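Colleague: I have a model to look at and some terms I do not follow. Could you take me through them?

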Amino acid sequence: MGDEGKAADGEKAADGAIVGEDGLARTPWAYGDPLLLSYYDTEWGMPVRDESGMFERLSLEGFQAGLSWLTILKKRERFREVFKGFDAETVAGFGESEIESLLDDPGIIRHRGKIEACIGNARATLAMREEGGIGDFIWTFRPETTPRPRTLREMPTKSPESLALSKALKKKGFRFVGPTTMFALMEAVGMVDTHVLGSHRRGTSGVWND
């Protein structure tokens with residue numbers, strides 16, 4: 001989840017669940033910025049299966065590579081604007097003029113490779129409709145068990161399932177879908193629950209009961 005995970009009270013990020021000012025315990029990275037706290041409490045780890053929702057998360061995780069997640073959250077609304085709500089059909093139709101416009105937009109990550117990958121991934125997303133859609137496909141890689149980290153140091157950054165998902169998506173033409181990026185996606189959409197033990201959000205997805 002990037003290096004922005006610093007507890008407000010200065011406790012080590014390697015510690016377990018940290019109680020916030022509201023009395024609720026959370027994974028340490030949730031602190032440090034209101035955007036992170038809101039994202040952690042309301043969205044991260046909740047199930048996403050629809051096409052546009054999954055395409056958005058896949059795209060944002062790709063743009064995040066090498067950056068902090070907070071950077072992406074700060075630019076997320078602009079990303080949604082310029083990528084038309086992450087509607088795969090619309091993005092798939094982007095050409096060089098749209099790419100040049102995106103490269104000139106300071107509100108997003110201006111990285112040609114990532115922008116072109118997002119457009120290519122939109123086209124690959126459309127092609128997957130014939131086999132049930134990207135959401136259902138990605139969820140077939142859900143593991144049989146979920147991690148139970150007590151601290152951030154016990155939190156994995158990839159898994160056999162994320163490696164398999166990465167390979168499968170690459171075969172279908174997707175880019176910026178490495179195993180670490182795919183594990184972050186699996187965390188974000190609820191396929192695994194990596195809230196540290198003791199967090200008030202652990203188990204809230206309804207996917208895992210522990």
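Modeller: Start with one term: contact means heavy atoms within 4.5 Å. Keep in mind that this is a predicted model.

Colleague: Which residues of H2 and H9 meet in that sense?

Modeller: From H2 come Met54, Arg57, Leu58, Glu61 and Gly62. They meet Thr181, Met182, Ala184, Leu185 and Ala188 of H9. These contact residues divide into six nonpolar, two polar and two charged.

Colleague: Why are H2 and H9 called oblique to each other?

Modeller: Look at the angle. The axes of H2 (residues 51-64) and H9 (residues 179-188) cross at roughly 140°. Roughly antiparallel needs an angle over 145, and roughly perpendicular covers 65 to 115. The angle of roughly 140° fits neither, so H2 and H9 are oblique. Their axes come within 9 Å, and the crossing is right-handed.

Colleague: What makes Ile115 buried?

Modeller: Buried means under 20% relative accessible area. Ile115 has 0%, so Ile115 is buried. Ile115 lies in helix H6. Beyond its neighbours within four places in sequence, Ile115 is in contact with residues including Phe63, Ile99 and Leu102.

Colleague: How do you know that the side chains of Thr27 and Tyr40 make a polar contact?

Modeller: Such a contact needs a pair of N or O atoms within 3.5 Å. The pair joining the side chains of Thr27 and Tyr40 is at 2.9 Å. The side chain of Thr27 also reaches the backbone nitrogen of Val196, at 3.1 Å.

Colleague: Is Thr27 buried or exposed?

Modeller: Its relative accessible area is 0%, so Thr27 is buried. Thr27 sits in the loop between strand E2 and helix H1.

How values were computed. Residues are numbered from 1 along each chain as its sequence is written. This is a predicted model: local features need pLDDT of at least 70, side-chain atom pairs count only at pLDDT 80 or more; totals for chains, interfaces and linings use all residues. Side-chain values use heavy atoms; hydrogens and water are left out. Axes are lines fitted to C-alpha atoms, for helices over the stretch in contact, and angles run from 0 to 180 degrees between N-to-C directions. Helices (H or I, at least four residues) and strands (E, at least two) are DSSP runs, numbered from the N terminus. Angles under 35 degrees count as roughly parallel, over 145 as roughly antiparallel, 65 to 115 as roughly perpendicular and the rest as oblique. A crossing is left-handed if the near helix is turned anticlockwise from the far one by less than a right angle, and right-handed if clockwise. Ala, Val, Leu, Ile, Met, Phe, Trp, Tyr, Cys and Pro count as nonpolar, Asp, Glu, Lys and Arg as charged, and the others, Gly among them, as polar. Buried means under 20% relative accessible area, exposed over 50%, partly exposed in between (1.4 Å probe, protein chains only). A polar contact is a pair of N or O atoms within 3.5 Å; within protein, one must be able to donate a hydrogen and the other to accept it, and residues adjacent in sequence count only if both atoms are side-chain atoms.
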